[in-house]
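User: I have a model open and want a quick walk through it. Can you take short questions?
Analyst: Go ahead.

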Amino acid sequence: RESERTQRDTRRRGFGRRDMFTDNRCANRVITGAALGATVGGAVGAVYGTYESFAYKIPGMLKVRHIGRTTLGSGTLFGLFLAAGSLIQCGRR
């Protein structure tokens, strides 16, 4: 009986490395960080890609391609870094 209570308390407090990856709150936090980072990074990438395509006078439909590439690139990179930061913060608790 006492060992069950100790195991339950250990799981509740989140001790151990395995609990960091199986904890739903941590996974939700990482996914939310990735989504938020991708959204913000994509918005910044779209603005910067639009500015850059007009500043460098990229012709015709290549502007759309350039804007899309910078949007996806910025969104992916910033989402990755924000997800990694969220994972690190989950490990500290």
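User: What should the 31 residues of helix 4 span at 1.5 Å a residue, and how far apart are its end C-alpha atoms?
Analyst: The expected span is 45 Å, and the end C-alpha atoms are 45 Å apart, which agrees. That expectation is 1.5 Å times one less than the number of residues. Before we go on: this is a predicted model, where local features need pLDDT of at least 70, side-chain atom pairs need pLDDT 80 or more, and totals for chains, interfaces and linings use all residues. Residues are numbered from 1 along each chain as its sequence is written, and side-chain values use heavy atoms, without hydrogens and water.

User: How many helices and strands overall?
Analyst: Four helices and zero strands. The pattern along the sequence is α-α-α-α. Helices (H or I, at least four residues) and strands (E, at least two) are DSSP runs, numbered from the N terminus.

User: Which residues of helix 4 are buried?
Analyst: His66, Thr70, Gly75, Gly79, Ala83, Ser86 and Cys90. Buried means under 20% relative accessible area, exposed over 50%, partly exposed in between, with a 1.4 Å probe and protein chains only.

User: And what share of the 93 residues in the chain is buried?
Analyst: Buried residues make up 20% of them.

User: Back to Thr70. What does it touch?
Analyst: Gly45, Gly49 and Glu52, not counting residues up to four places away in sequence. Contact here is heavy atoms within 4.5 Å. A polar atom of the Thr70 side chain also lies 3.2 Å from the backbone oxygen of Gly45. Thr70 counts as buried because its relative accessible area is 16%.

User: Where is Ile58?
Analyst: In the loop between helix 3 (24-55) and helix 4 (62-92).

User: Buried or exposed?
Analyst: Ile58 is buried, at 18% relative accessibility. Leaving aside neighbours within four places in sequence, Ile58 is in contact with Ser53, Lys63 and His66.

User: New topic. How many disulfides?
Analyst: Zero. The cut-off is a pair of cysteine sulfur atoms within 2.5 Å.

User: Why do Cys26 and Cys90 count as buried?
Analyst: Cys26 is buried because its relative accessibility is 5%. For Cys90 the figure is 11%, so Cys90 is buried too.

User: Last one. Of contacts between residues at least 6 apart in sequence, what percentage join residues at least 24 apart?
Analyst: In this chain, 71%.

Conventions. Polar contact = N/O pair within 3.5 Å; in protein donor to acceptor, adjacent residues only side chain to side chain.
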